[in-house]
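The following note collects points for a colleague reviewing this structure. It proceeds by structural element and then by ring contacts.

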Amino acid sequence: MSPTSSSGALAGSFSDDLALALRMADAADAVAMSRFDAADLSIEVKPDASYVTEADIATEKAIRAILSAERPDDAVLGEEFGSAGDSARQWIIDPIDGTHNYLKGIPIWATLIALAVDGVPRVGVVSQPSIGRRWWAAQGEGAWTNGGAQPRRLAVSTVDSLDRSSVSFQSIAQWDDAGHLDGLIRLSRTVWRDRGYGDAWPYMLLAEGRLEMVAEFDVKEYDIAALGPIITEAGGRMTAFDGTDSLSTRSVLATNGALHQSFLDFFARATDSEATA
């Protein structure tokens, strides 16, 4: 499924890393798809009450095996096996983003692979094999996707007003737990369209120019690292919900760039209103 040979997106300082990330995504796709929607899929509950399947574990093992062979000096952070190494170059892996969908046989899940250098994501791959889609980017080399005879370069939308924007909010419960439910309701009354598409997919819709904003809370580094290079190389912007730039934050606000400050201002006003209510 690797589309790199004809994309023209591999010329640059991270070309070898991007090529490796795409090969790791190929391996991950094969492992994850071999158990997708299996009647006898093994499922366990982790100490944090989240679910993990045998496919999550096997997929991360497959990626780490390739890294061990080809980038033994690089550090690794993965959802299922934690961190290893202390290099400035760190691979960040979410073997199956959307495990709840995966274990229910719903095809909206993806493998996320990123390379961060000095804490900044430089390479990102999002592979969603159940629907035959993949998105990828490296710093300075553009963002790309498959789905046609040739890879297609991504660009965010040019929508520049909130009332014409389409947004994804992930889940009502998540916004409620974060104390921003009132802001979400106000947003739904302001924008053109709102939907909870879920997990990594809406970020890729943003990079394709189909949405103008995605925001969520309670995220980990491995949930968002691969998304950043794709969104920024497509012309968008991704920060924490309050506008700060940090991989270690537990929130994310991604936009088409043109509306980033407008969304930040909107949520700041909504938060102030909630505080004085």
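**Strand pairing and ring contacts**

1. In this predicted model, strand S6 and strand S7 (residues 120-128) are paired in the antiparallel sense, with 7 bridges between them. One bridge to be checked in the viewer joins Thr-111 to its partner in S7, Ser-127. The hairpin of S6 and S7 has 2 residues between the strands, and Asp-118 there adopts a positive phi near 55°.

2. Strand S5 (residues 89-97) also pairs with S6, in the antiparallel sense and over 7 bridges. Here Trp-91 has Leu-115 of S6 as its bridge partner.

3. How many of the residues of S6 are buried? The count is 8 of 8, and the strand is accordingly described as mostly covered. Ala-110, Leu-112, Ala-114 and Ala-116 point one way from S6, whereas Thr-111, Ile-113, Leu-115 and Val-117 point the other way; all are buried. In a regular strand, side chains alternate between the two faces of the sheet.

4. The geometry of helix H2 (residues 54-70) can be tested against its length. At 1.5 Å a residue, its 17 residues should span 24 Å, and the end C-alpha atoms lie 25 Å apart, which agrees. The expected value is 24 Å because the rise is multiplied by one less than the number of residues. The buried residues of H2 are Ala-55, Asp-56, Thr-59, Glu-60, Ala-62, Ile-63, Arg-64, Ile-66 and Leu-67; charged side chains such as Asp-56, Glu-60 and Arg-64 are thus included in that list.

5. The structure contains 10 aromatic pairs. In one of them, Phe-36 and Trp-109, the ring centres are 5.4 Å apart and the planes meet at 55°, so the pair is tilted. Phe-36 belongs to the loop between helix H1 (15-35) and strand S1 (43-45), and Trp-109 to the loop between helix H3 (99-103) and strand S6 (110-117); the pair therefore ties together parts that are 73 residues apart in sequence. Both Phe-36 and Trp-109 are buried.

6. Tyr-197 and Trp-201 form another aromatic pair, which is edge-to-face, with 5.9 Å from centre to centre and 80° between the planes. Are these two residues buried or partly exposed? Tyr-197 is partly exposed, at a relative accessible area of 27%, and Trp-201 is likewise partly exposed, at 24%. Both values lie above the cut-off, since buried requires under 20%.

7. A further item for inspection is one aromatic cluster, formed by Trp-175, Phe-217, Phe-241, Phe-266 and Phe-267.

Technical notes: Residues numbered from 1 in each chain as written. Predicted model: local features only at pLDDT ≥ 70, side-chain atom pairs only at ≥ 80, totals over all residues. Heavy atoms only, no water. Helix = DSSP H or I, 4+ residues; strand = E, 2+ residues; numbered from the N terminus. Buried < 20%, exposed > 50% of the residue type's maximum accessible area, 1.4 Å probe, protein only. Phe/Tyr/Trp six-rings, centres within 6.5 Å; stacked < 30°, edge-to-face > 60°. Pairing = 2+ DSSP bridges.
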